[in-house]
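I opened this entry to look up a few features of the structure and to keep a record of what I found.

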Amino acid sequence: MAETVGCDVVVIGAGIAGSSAAFHLASQGVKTVLVEREHPASGPTGKSSAVCHYFYTVPELSRLARRGIQILKDIPRSCGGPVVFHSNGVLWAAGENNADEFARAIARIRDEEGGGIAALAPVDIARMAPGFDLAGIVLAAWEDEQGYADPYDAANALTKGARDRGAVYLGNRTVTRFAIAGGRFTGVELSDGTKVAADRAVVAAGPWTKSLLRPLGIDLPLHVERHAMAVLNAPGVATTVLPFSWVDDIRSHYARPEGANTILIGTWAGGGTGIRNPDAAEKPKRVAVVGDYDAGVSTAESVWIVEQMAPRVPAVADLGIRPGYACMYDMSPDDLPIIDRVPGVEGIAFAAGSSGHGFKLGPAVGEEVARLATTGPSALIAPFSLARFA
Ligand SMILES: Cc1cc2nc3c(=O)[nH]c(=O)nc-3n(C[C@H](O)[C@H](O)[C@H](O)COP(=O)(O)OP(=O)(O)OC[C@H]3O[C@@H](n4cnc5c(N)ncnc54)[C@H](O)[C@@H]3O)c2cc1C
């Protein structure tokens, strides 16, 4: 006979946002069930480059990033988990077009939001980045205490932290249906027949969110894009070639060392930063059916990605190419997340549309969407309501 599990809040999806939502709910004594179709970080979270920075032109994104990074750095203490955060610094270069906007954002974060960021002139960048060709760079944002995280460790540690606080984790099971009675959410059904009775739901199902919520009469303005990563073989030299996490707003690529022997490189077509770059060489690659995309990366595609970075850092052209990989960005029309309640149904909050930059925001987005589901919205998520697309 099908099992029935009861709780206050069911969280759907154990990516970085859902695992954090479950952790924060359970930490507050809320009876929580976390359902995941595969395992924690099995979606885009696990493929994330997980570069983490405060720099954003939208103040609320900077604040979510700051809180998200704090949660990540605190995981060893809060969850008894591993160190998931690596502070190798983030250097983010801007050209003539965007330098003023960069300078304003850096000043705002430095003077009004707690600091941790500095503006560097080309002469300072040259000292920090020997071997880089600085052509076109006018200014850079430098965050010496930020860097990147291990996304698997992070989502798994937060899931474990939730379980240690009493949450029930149901992995390898998919939410197939919402139960609604009299306009109110009452629970979900899972692929193995399990029923979860709950007062409220937090949906953090990434690219799957749109189709999951559609039967409730909501058509979220989200689409999916494929994002590919080149992986370079850099035995013993990864942190010499690339001593920090690097974002190039002029040549539209980013990169970071992965340990001592590997460098990851991605390109982007705009979005993510709050600044769109219409001249980006990369063009969006739409995925029509969620999950139906090429998760591998051909040699030709890897070479193309490396070629976007090589004029800036010529040493990368001499490194070997390992198999790359690709995954999905769940995109909103303005590249900002959507964090809201499902209209017309009482009791369901959701966070989706992280638009390719949601890893460092995820821990805070999870905390905020959990708050939205239980007590109500905070001012921090006001810019991310669904109503902005009305
Ligand atoms: C290659 C790549 C590089 C990236 N690099 C960066 C970066 O450097 N910095 C950054 O900040 N961001 C980056 N991102 C973006 C970031 O990874 C995502 O924004 C973030 O991980 C989204 O997390 P999430 O928890 O919202 O969703 P997801 O990771 O998509 O998690 C959703 C989870 O829900 C589960 N699920 C779906 N449907 C159901 C269902 N019906 N029932 C149960 N479970 C379900 C899925 O299995 C999945 O585990 C990158 C993304 C990619 C793909």
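**Strand pairing, a helix and two domains**

I started with the hairpin end of the strand pairing, where Ile338 has Ala352 in E21 as its bridge partner. The model is a predicted one, and I read what follows with that in mind.

I then looked at the pairing as a whole: strand E20 (residues 338-341) runs antiparallel to E21 and is joined to it by four bridges, and the two form a hairpin with six residues between them, in whose turn Gly344 has a positive phi of about 85°. I also looked up strand E12 (residues 195-203), which runs parallel to E21 with three bridges between them, and I noted that Val203 is the bridge partner of Phe350.

Is E21 covered on one face or on both? Both faces are covered, since I found Ile348, Phe350 and Ala352 buried on one side and Ala349 and Ala351 buried on the other. Five of the five residues of E21 (residues 348-352) are buried, so I describe the strand as largely enclosed by the rest of the structure.

I next checked helix H3 (residues 59-73), whose 15 residues at 1.5 Å a residue should span 21 Å, and its end C-alpha atoms are indeed 21 Å apart, which agrees. Among its buried residues I listed Leu61, Leu64, Ala65, Arg66 and Gly68.

Last, I looked up the division into domain 1 (4-46 + 152-221 + 334-389) and domain 2 (87-145 + 223-331), whose centres, taken over C-alpha atoms, are 30 Å apart. The contact takes twelve residues from domain 1 and eleven residues from domain 2, and the domain 1 side has four nonpolar, seven polar and one charged residues.

Definitions and conventions:
Residues are numbered from 1 along each chain as its sequence is written. This is a predicted model: local features need pLDDT of at least 70, side-chain atom pairs count only at pLDDT 80 or more; totals for chains, interfaces and linings use all residues. A residue is buried if 20 or more other C-beta atoms lie within 10 Å of its own, exposed if 12 or fewer, and partly exposed in between; C-beta atoms are placed from the backbone. Two strands pair if DSSP finds at least two bridges between them. The expected span of a helix is 1.5 Å times one less than its number of residues. Domain bounds come from an automatic or database domain assignment. Two residues are in contact if their C-beta atoms, placed from the backbone, lie within 7 Å. Ala, Val, Leu, Ile, Met, Phe, Trp, Tyr, Cys and Pro count as nonpolar, Asp, Glu, Lys and Arg as charged, and the others, Gly among them, as polar.
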